[in-house]
Amino acid sequence: MLNHVQYLISETNPGNLGPSTAEVSFVGRSNVGKSTLLNALCGHVLARVSKTPGRTRMINVFSAGKDRWLVDLPGYGYAVVPKNERREWGPMIEGYLTGRANLRMIFCLIDAKVGPTPLDTQMHEWLISQNLPWRIVATKADQVRSSLAKKQRQDIAHVFGLQPNDIAWVSASKGLGIQELKTEVSRLLTSQK
Ligand SMILES: Nc1nc2c(ncn2[C@@H]2O[C@H](COP(=O)(O)OP(=O)(O)OP(=O)(O)O)[C@@H](O)[C@H]2O)c(=O)[nH]1
Ligand SMILES: [Mg+2]
């Protein structure tokens, strides 16, 4: 079902978004690879990617079928984004994440090489406090030397109280783990809750 994803709408006010039947979203620090992963999952370029962080400034909604959404969110932790936009980030993202009745999963992206940053663990704790569904995805796995990958995956999982196999380990540029994640997203968007 992810082969025919189309851009639907961009919003800064989550209150303006209409209802969906099912949706999944992607959160993480700026530059972690959210937009790139979304493009890889869909097999074509949809979301804007940039060499400079802070590219995604709005809630960008993509449709994978009638009222089935994939939602690309602006990243956190990028200081160069103008102050007023940074101030708006919190209410915008929090409003979105807490306001969606059919949000099936929030994929929390962590840079595989860098590991979780304090802002990542803060976001994770906040999701738990809100009782929202989350899943950890380590991105840019191609950047981790293969001799270190096993230990790094274990260490990242440990920070979130998980086993290595509980986190997705992906590389959008090399295609690693993408098929598995596609299957997972398709299931989330089609299942009867
Ligand atoms: N090596 C490698 N680089 C990647 C991968 N995925 C993304 N990148 C690069 O990381 C940079 C940021 O990617 P984006 O997808 O724009 O990141 P984002 O999380 O959407 O960033 P914001 O929109 O600023 O929040 C780009 O230069 C990508 O090419 C990957 O799997 N491997
Ligand atoms: Mg982006």
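In this predicted model, the buried residues of helix H5 pack against strand S2 (22-28), helix H1 (34-42), strand S4 (68-72), strand S5 and strand S7 (168-169). The residues of H5 that are buried are Leu-181, Val-185, Leu-188 and Leu-189. They cover an arc of only 95° around the axis, which puts them on the same side of H5. On the other side of the helix, Gln-179, Glu-180, Thr-183 and Arg-187 are exposed. H5 itself runs over residues 178-190, and its 13 residues reach 18 Å from the first C-alpha to the last, close to the 18 Å expected at 1.5 Å a residue.

**The sheet**

The strands that H5 packs against, S2, S4, S5 and S7, belong to an open sheet of 7 strands in the order S1-S3-S4-S2-S5-S6-S7, in which the pairing is mixed. Strand S1 (6-11) and S7 are the edge strands, each of them pairing on one side only. The table below sets out pairings within this sheet.

| Strand pair | Sense | Bridges |
|---|---|---|
| S3 and S4 | antiparallel | 4 bridges |
| S2 and S4 | parallel | 5 bridges |
| S2 and S5 | parallel | 6 bridges |
| S5 and S6 | parallel | 6 bridges |
| S6 and S7 | parallel | 2 bridges |

Individual residues allow these pairings to be followed across the sheet. Beginning in strand S3 (residues 59-63), Val-61 stands opposite Val-71 in S4, and Val-71 in turn has Ser-25 opposite it. Ser-25 also has a bridge partner in S5, namely Ile-106, and it belongs to the parallel pairings that S2 makes with S4 and with S5. Strand S2 is mostly covered, since 6 of its 7 residues are buried. Further along the sheet, Cys-108 stands opposite Ile-136 in S6, while Val-137 stands opposite Ala-168 in S7.

**The crossovers**

Between S5 and strand S6 (residues 134-139), which run parallel, the chain crosses through helix H3 (residues 118-129), and this β-α-β crossover is right-handed. A right-handed β-α-β unit is also made by S6, helix H4 (residues 146-159) and S7. H4 has 14 residues and reaches 21 Å from its first C-alpha to its last, close to the 20 Å expected at 1.5 Å a residue. Just after H4, Gly-161 takes a positive phi of about 70°.

**The nonpolar core**

In soluble globular proteins, nonpolar side chains tend to be buried together. The largest nonpolar core of this model has 47 residues, and among its members Cys-108, Leu-109, Val-137, Ala-138 and Val-170 touch the most other members. Strand S5 (residues 103-111) gives the most to this core, with 6 residues. Two of the residues named here have already appeared in the sheet: Cys-108, opposite Ile-136, and Val-137, opposite Ala-168. Ala-138, leaving aside its neighbours within four places in sequence, is in contact with Ile-110, Ala-112, Arg-153, Ile-156, Ile-167, Ala-168, Trp-169 and Val-170. The list of contacts therefore includes Arg-153 and Ile-156, which fall within the residue range of H4, as well as Ala-168 and Trp-169, which make up S7.

**Two residues in their surroundings**

Asn-39 lies in helix H1, one of the elements against which the buried residues of H5 pack. Is Asn-39 buried or exposed? With 20 C-beta neighbours inside 10 Å, Asn-39 counts as buried, the cut-off for that class being 20 or more. Leaving aside its neighbours within four places in sequence, Asn-39 is in contact with His-44, Val-45, Leu-46, Ala-47 and Val-49. A residue distant in sequence can also be placed relative to Asn-39, for its C-alpha atom and that of Ala-172, 133 residues apart along the chain, are separated by 8.4 Å.

Leu-8 has its place in strand S1, which is an edge strand of the sheet. With 18 C-beta neighbours inside 10 Å, Leu-8 counts as partly exposed. Its contacts, again leaving aside neighbours within four places in sequence, are with Val-61, Phe-62 and Ser-63, and one of these, Val-61, is the residue that stands opposite Val-71 in S4. Leu-8 and Asn-60 are 52 residues apart in sequence, yet they are 7.7 Å apart in space, C-alpha to C-alpha.

Conventions: Residues numbered from 1 in each chain as written. Chains lettered and ligands numbered in written order. Predicted model: local features only at pLDDT ≥ 70, side-chain atom pairs only at ≥ 80, totals over all residues. Core = buried A, V, L, I, M, F, W, Y, C linked by C-beta atoms within 7 Å. Buried ≥ 20, exposed ≤ 12 C-beta atoms within 10 Å, placed from the backbone. Contact = placed C-beta atoms within 7 Å. Expected span 1.5 Å × (residues − 1). Arc of directions from axis to C-beta. Pairing = 2+ DSSP bridges. Right-handed = clockwise from strand over helix to strand, strands pointing away.
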